[in-house]
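Q: Could you walk me through reading a few features of a model, one at a time?

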Amino acid sequence: MPSPSSAHWLSLVGCVWLQTINGPNADFPVYSSQLKEVKGISQVQLNFLAFASDAGKLFGWFAGVAALYLPLRLVAVVGASFGLIGYGVQFLFLERSGLEYWHLFLLTSLAGNGICWINTVCYLLCIKNFPSDSRVVVSLATSYLGLSAKFYTTMAEKMPRGATARYSKEKVYLLLNAVVPMLVTLVTAPSLRVVELTSHRRTDPAFLAMFAVTLATGACAVVGSIGSKSIGLSTSEHMISLYILLALPILIPAALKVRESMDKLREAKRENRVHDLATTVVPETAVSVFEVAEAENKEEDAGESGYHDEVGGVRLLRRLDFWLYFLSYMFSGTLGLVFLNNLGQIAESRGLSDPSTLVSLSSSFGFFGRLLPAFLDYYTAKSGYSLSRTASMASLMAPMAGAFFLLLDPRDMFLYTSTAVVGTCTGAITSVAVSATSELFGRKNFGVNHNVVVANIPVGSLCFGYLAAFLYQKEARGGNRCLGAACYRDTFLVWGSTCAVGTALCTVLYTRSRGFAGRLPSSGEVDAERSGGASN
């Protein structure tokens with residue numbers, strides 16, 4: 001099978017950069033307490049605002065439909081525009097009385113929906129431009145989404161003094177959330193296209209280089225989260241190091257482009273040397289044998305494809321596997337996201353003065369959690385089989401349930417440990433889920449199917465977030481602020497039990513789907529996918 005060229009790797013770099021900035025809602029816990037004071041809202045109302053960002057995903061399937069008919073770069077620009085409007089209007093009018101609570105809710109929902117559009121573009125590019133390595137590439141690209149909170153908090157900390165003196169903390173974050181995604185989308189837009197495979201040179205060194213850069217980026221983020229000053233690294237030096245590492249992947253398509261140019265020069269010289277032999281008659285039998293063999297290979301590939309049903313539309317909602325998948329995802333990955341959305345209030349209730357440390361910690365470990373499936377897939381794919389996505393999800397849910405129960409202990413050590421575990425498992429589950437959707441329901445309708453699956457996020461965010469806010473408000477005894485481990489004690493107990501149920505549901509799903517779970521797609525299926533979706 002042909003290997004990815006420099007153009008394919010350039011599209012992956014574009015996806016990496018887009019994923020890095022496509023989590024503006026991840027920094028909400030950092031400024032949620034200030035927003036609560038500015039607008040004079042209760043804890044329940046604040047949790048509804050956290051839910052609003054997820055509520056936009058209820059209409060995420062529009063992005064999947066749009067990707068069927070519009071160029072992918074245009075889909076990405078539309079998503080960035082939603083974020084620019086959603087966060088930009090809040091930035092401009094936040095402190096004015098005319099911007100009411102329901103305005104904030106709708107604007108945050110619009111921005112949340114924009115995230116779905118950019119994610120859809122990245123997923124489709126990874127699957128179509130790297131058909132034989134789609135699992136690895138999807139995990140690689142989505143791992144950078146785990147850095148979003150770290151990226152925004154680092155940028156906010158080093159904003160010019162004039163901006164920080166003029167604008168409050170919440171307005172600084174709203175400004176970054178509005179402007180940065182649009183700027184990065186416009187920069188990467190030329191690379192966001194599906195490219196036909198033509199090169200036959202292996203790009204294994206490119207994957208190894210990408211893994212090395214990604215690991216270094218994650219290590220840099222963790223060092224900054226735990227405390228760069230303790231090792232003598234200033235905040236500015238850490239920020240510069242992080243930005244350089246984020247820019248390094250562009251060297252991979254650049255190196256491949258140089259190699260392709262040299263190959264073309266060598267090929268041109270070779271053609272000149274054998275020009276006199278161009279009129280030599282090629283034996284017909286050789287051509288015939290080659291054509292027959294090629295036809296037989298195509299027939300074999302076609303026979304091997306379709307190892308699972310292609311499911312879409314109403315049929316998806318009628319499948320028991322869909323509901324097992326939907327609920328197990330909601331009781332694990334979504335539950336982890338709700339926990340991360342509440343980190344600001346959890347830190348405040350435990351007496352921590354700066355929640356950005358916890359947010360950065362969860363972001364950095366979430367990065368490694370998202371990256372873990374990429375390593376496992378890369379080193380197991382050569383055997384022709386890969387780890388079952390449903391089995392992987394079930395194995396990740398168990399430690400998450402344990403982490404919630406560990407949070408019942410009021411000591412800060414367990415808070416930091418549990419945050420790291422939940423961040424890692426949540427990141428890994430959300431990354432694995434992208435491939436699990438295609439493993440369970442096929443790739444033909446992936447753009448729409450996965451956006452239907454992630455509709456569990458707003459549903460879970462509403463239920464679990466409201467429960468946490470209700471129990472918090474109850475412990476606050478009529479006030480807007482609660483202090484002490486009791487504020488979230490009952491919440492952690494319910495969340496841990498719910499995650500345990502999710503583990504059981506996902507185990508049942510694995511037993512039902514293990515007949516085809518983990519099977520790699522055949523080359524015939526890959527070719528069919530690309531021919532059917534190359535118009536994007």
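Q: What should the 20 residues of helix α10 (residues 169-188) span?

A: Helices are DSSP runs of H or I, at least four residues, numbered from the N terminus. The expected span is 1.5 Å times one less than the number of residues. For α10 that gives 28 Å, and its end C-alpha atoms are 29 Å apart, which agrees. This is a predicted model, where local features need pLDDT of at least 70, side-chain atom pairs count only at pLDDT 80 or more, and totals for chains, interfaces and linings use all residues. Residues are numbered from 1 along each chain as its sequence is written, and side-chain values use heavy atoms, with hydrogens and water left out.

Q: How many residues of α10 are buried?

A: Buried means under 20% relative accessible area (1.4 Å probe, protein chains only). In α10, 14 of the 20 residues are buried, so the helix is largely enclosed by the rest of the structure.

Q: Which residues have the most contacts inside the largest nonpolar core?

A: A nonpolar core is a set of buried Ala, Val, Leu, Ile, Met, Phe, Trp, Tyr and Cys residues joined through side-chain atoms within 4.5 Å. Here the largest one has 133 residues, and W9, Y325, F339, F404 and W495 have the most contacts inside it. Helix α6 (residues 101-129) supplies the largest share of this core, 12 residues.

Q: What does Y325 contact, leaving aside its neighbours within four places in sequence?

A: Contact means heavy atoms within 4.5 Å. The partners of Y325 include M393, A433, F441 and L509.

Q: And where is G224 placed?

A: G224 lies in helix α11 (residues 204-227) and touches K150 and H238, not counting residues up to four places away in sequence. G224 is buried, with a relative accessible area of 19%.

Definitions and conventions
Helices (H or I, at least four residues) and strands (E, at least two) are DSSP runs, numbered from the N terminus. Buried means under 20% relative accessible area, exposed over 50%, partly exposed in between (1.4 Å probe, protein chains only).
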